[in-house]
Amino acid sequence: PTPIVAAAGRVDDVSCCQNQGLKGSGSKLILLGGLHDRIGGSEYARQISNEPAGEPPVPDFKNETRIIKTILNAYEKRIVLAAHDISHGGVLVTLAEMMLGSAPFDKGCRIDITSEMAPGNSPERYLFSEFGGIVVEIDPKDWPEFETILETYQTPWQPLGDTTDERVLAVKWPGGQADWPLEDIDTAFRNGGKFNPLFA
């Protein structure tokens, strides 16, 4: 049998909770943690990439603690619209799942990772690496308060982009970009298809 580790916690006020579905248009999408190109142990390495994957990334427990304290504080202050951890599939799949969870409003997002990559690097490695933190949706009016929380805990973070009313997951990187319509993401999700990178 597969060994399983479970964790349980208590929520004092359930009205503070939010799910992973995107809620608005023009919201900030922030990554608590950071992008990197280490794909060891990922689905991308197992199913798609032909490159040597290398060792899986090593958790930084101090930063993980900062991230958890940040997200809990922000939930208590009711300034998190949506949040989803980066795990199976990496940040690109995380964003796709947040779009799927936005139904029936069907929100999209525009992401720009240009500042996180050097020209010529593989965007797939950054977008499909599976250790990176939590993506949160924040209303721009709440950004100053959220930024204060980040500074209080010295939490690593980086901007990813914004939510839109367009039903598209649009990603830009040095020298390229790609768009995935929500309909295609939904079809792949429901039919068990692979979320093919299809980078130009």
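How many aromatic pairs does the count come to? In this predicted model, the count comes to three aromatic pairs. One of these pairs is formed by Tyr-44 and Phe-128, whose ring centres lie 5.2 Å apart and whose planes meet at 15°, so that the pair is stacked, planes under 30 degrees apart being counted in this way. This pair links distant parts of the chain, since Tyr-44 belongs to helix α1 (residues 43-47) and Phe-128 to helix α4 (residues 123-128), with the two positions 84 residues apart. Tyr-44 has a relative accessibility of 7% and therefore counts as buried, and Phe-128, with a relative accessible area of 4%, is buried as well.

A further aromatic pair is made by Trp-143 and Phe-146, and this one is tilted, with 5.9 Å from centre to centre and 45° between the planes. Both residues lie in helix α5 (residues 143-153), where Trp-143 and Phe-146 are three residues apart, or about one turn of the helix. Trp-143 counts as buried because its relative accessibility is 13%, which falls under the 20% limit, while Phe-146 is buried with a relative accessible area of 0%. Ring pairs also bring in Trp-157, so that Trp-143, Phe-146 and Trp-157 are linked into a cluster. The ring of Trp-143 has a charged group over it as well, for the charged end of Lys-28 sits there at 5.6 Å from the ring centre.

The strands of the model are considered next. Seven strands form an open sheet with mixed pairing, in the order β2-β4-β1-β5-β3-β6-β7. The edges are taken by β2 (82-85) and β7 (176-181), each of which has a single partner strand, so one side of each is left without a neighbour in the sheet. From one strand to the next, the twist averages 20°. In general, the strands of a sheet pair through backbone hydrogen bonds, in either the parallel or the antiparallel sense.

Within this sheet, strand β1 (residues 28-33) is mostly covered, as five of its six residues are buried. Strand β1 is joined to strand β4 (residues 133-138) by six bridges, and the two run antiparallel; in this pairing Gly-33 stands opposite Gly-133 of β4. Strand β1 also pairs with strand β5 (residues 157-164), again in the antiparallel sense, over five bridges. Along this second pairing, the bridge partner of Ile-30 in β5 is Pro-159, and Leu-29 stands opposite Gly-161 of β5.

Strand β5 is in turn joined by four bridges to strand β3 (residues 108-112), with the two strands running antiparallel. Here the residue that stands opposite Gly-161 of β5 is Ile-111, and Gly-161 thus faces Leu-29 in the pairing with β1 and Ile-111 in the pairing with β3. Strand β3 is also joined to strand β6 (residues 168-173), by four bridges in the parallel sense, and in that pairing Arg-110 stands opposite Ala-170 of β6. Helix α6 (residues 182-191) lies across β6 and β7, and its direction is at about 65° to that of β7.

Two buried polar residues outside the strands may be described through their surroundings. Thr-155 is found in the loop between α5 and β5 and is buried, with a relative accessible area of 5%. The side chains of Thr-155 and Thr-70 are joined by a polar contact of 2.5 Å. When neighbours within four places in sequence are left aside, Thr-155 is in contact with Arg-66, Ile-67, Thr-70 and Leu-150, so that Thr-70 appears both among these contacts and as the partner in the polar contact.

Arg-125 has its place in helix α4, the helix that also holds Phe-128. With a relative accessibility of 15%, Arg-125 counts as buried. A polar atom of the Arg-125 side chain lies 3.0 Å from the backbone oxygen of Asp-37. Apart from neighbours within four places in sequence, the residues in contact with Arg-125 are His-36, Asp-37, Ile-39, Glu-51, Pro-52 and Ala-53.

Key: Residues numbered from 1 in each chain as written. Predicted model: local features only at pLDDT ≥ 70, side-chain atom pairs only at ≥ 80, totals over all residues. Heavy atoms only, no water. Phe/Tyr/Trp six-rings, centres within 6.5 Å; stacked < 30°, edge-to-face > 60°. Buried < 20%, exposed > 50% of the residue type's maximum accessible area, 1.4 Å probe, protein only. Lys NZ or Arg CZ within 6 Å of the ring centre and 35° of its normal. Axes fitted to C-alpha atoms, helices over the stretch in contact; angles between N-to-C directions. Contact = heavy atoms within 4.5 Å. Polar contact = N/O pair within 3.5 Å; in protein donor to acceptor, adjacent residues only side chain to side chain.
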